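Here's a friendly walk through some side-chain contacts. Have a look at the model first, then read on.

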Amino acid sequence: MQVAVMGFGTVGSGVVELILKNKKSIEERCGQKSLDVKHILDIRDFSSHQLANLFTKDFNDILNDKDVEIVVETMGGLNPAFDFVSKCLEAGKSVVTSNKELVAAKGYELLELAKKNNVNFLFEASVGGGIPIIRPINQCLAANEFLEVAGILNGTTNFILTKMIDDGMDFDEALKIAQANGYAERDPSADILGHDAARKICILASLCFGKHVYPDEVQTEGITNIASEDVEYAKVWGGVIKLIGRAKKLSSGKISATVGPCLIKNGCQLASVSDVFNAILVRGDAVGDTVFYGRGAGKFPTASAVVADVIDYQLYKTGIKNESAVYAVYTFCRKLGQTAADYGGLVLLGKIGYEAETMANAGFVPGISEGILTVCTLIPAITYTLVFILYKFFYPLTKEKLEPVYEYVRKNNESLGA
Ligand code: HSE
């Protein structure tokens, strides 16, 4: 699998280094598929870098390279990221991004575009850095109605507040240390004014509540007005001040999304989350409270989530990821230009090694029951295998020619009652 990386900053360079460092184990996890970085897009000069031959300043080198099937976007910002990502998706390339600004503002649009072009748009790294949170919400907790999602979503502000709480620093002093440590940018406004956390709560709220929430809809307040006296007051009260992003479904059905400093009682899990760490609480009607904790920023924690998305893309594509069979089949079907729900081959796939019952339990294909599963016979299994082989070796050249075969599989399954 050939990967292109757009943006060789902190995260992008982390992605390339991580792929090189753990190449063997990553490829094993990709089902023995090779994984190579073919292009790195960056307008800066890297002519003396050890990977100099991979660098390009021309986006078209990636867009027009048929060998590149997945593009990692780690440029940050809305432009030109939106334009580049849109073009990649339209060209049939899947995209993995860590860019929360892009996902918060354009996530819905890009997911629609990905769907239209039968490719994937994955963004685990856009919230919580290395903490798994997007996929747990989308998959592991998918059976829940979500009641609330809240947490410490910005590492820089949490670091500043920790310095104010533990070391008695004032805001300006703590900010300078955050900048010296490379946590806060030279222009730290997106972090300290709460915009970064607002983008992340938008992404979480959209996933949890199924309606895209935009950053300008989030009531946002940063930590610039927090004085040492406030920190002292919180201590006397028996707690700490934390910048909390929070989204909740109201009884009216509307979604409330806010970012602002909150008083947290000592003893609450979020109170003990210090330094650049993030913690996200997800409250589901079935599971209750789950808390996800870890490094919410930084080169390798974020690269960890980006590369995991690349691996997952490969696993979904080849369909060898049994524990998330629903998604694997969904992706495969999308590749065929189908939606999972109307694709009868699901039952076949279930019989050939996927956990079809898992699919049924997840409610992905209403109506699949154990009885139906048992009617899978050798004939449709062989048909599926043939379709798969033809698809794998001749697609897209013979896509039109394959259509009657897909039709046959569909009809065959309909007649089986699938
Ligand atoms: N500036 C962000 C933070 C980086 O401090 O959390 C990760 O999104």
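## Side chains that meet

Let's start with Tyr 293, which is partly exposed at 48% relative accessibility. Keep in mind that this is a predicted model. The ring of Tyr 293 pairs with that of Phe 277, and because their planes are at 5°, with centres 5.2 Å apart, the pair is stacked. Phe 277 sits in strand S11 (residues 277–284) and Tyr 293 in strand S12 (residues 288–295), so to speak a link between distant parts of the chain, 16 residues apart. Unlike its partner, Phe 277 counts as buried, at 18% relative accessibility, since the cut-off for buried is under 20%.

What is the count of aromatic pairs? It comes to 7. Another of them brings together Phe 8 and Phe 55: here the planes are at 90° and the ring centres 4.9 Å apart, so this one is edge-to-face. Phe 8 belongs to the loop between strand S1 (2–6) and helix H1 (10–21), while Phe 55 belongs to strand S3 (residues 55–56), 47 residues apart. Both rings are tucked away: Phe 8 is buried at 8% relative accessible area, and Phe 55 is buried at 17%. Add Phe 46, and Phe 8 and Phe 55 become part of one aromatic cluster.

Now for the charged side chains. How many salt bridges does the structure hold? There are 20, and here are a few of them.

| Salt bridge | N to O distance |
|---|---|
| Lys 87 and Asp 83 | 3.2 Å |
| Asp 196 and Lys 100 | 3.2 Å |
| Lys 163 and Asp 167 | 3.3 Å |

Lys 87 and Asp 83 are about one helical turn apart, because they lie 4 residues from each other in helix H4 (residues 81–90). Lys 87 is partly exposed at 35%, and Asp 83 is partly exposed at 33%. Lys 163 and Asp 167 also lie 4 residues apart, about one turn, in helix H7 (residues 155–167). Asp 167 is partly exposed, at 46%.

The salt bridge between Asp 196 and Lys 100 joins helix H10 (residues 195–209) to helix H5 (residues 100–116), so it ties together parts 96 residues apart in sequence. Asp 196 is buried at 4%, whereas Lys 100 is partly exposed at 27%.

Charges meet rings, too. The charged end of Lys 106 sits over the ring of Phe 82, 4.7 Å from the ring centre. Lys 265 lies over the face of Trp 237, at 4.2 Å from the ring centre.

Key: Residues numbered from 1 in each chain as written. Predicted model: local features only at pLDDT ≥ 70, side-chain atom pairs only at ≥ 80, totals over all residues. Heavy atoms only, no water. Salt bridge = Lys/Arg side-chain N within 4 Å of Asp/Glu carboxyl O. Helix = DSSP H or I, 4+ residues; strand = E, 2+ residues; numbered from the N terminus. Buried < 20%, exposed > 50% of the residue type's maximum accessible area, 1.4 Å probe, protein only. Phe/Tyr/Trp six-rings, centres within 6.5 Å; stacked < 30°, edge-to-face > 60°. Lys NZ or Arg CZ within 6 Å of the ring centre and 35° of its normal.
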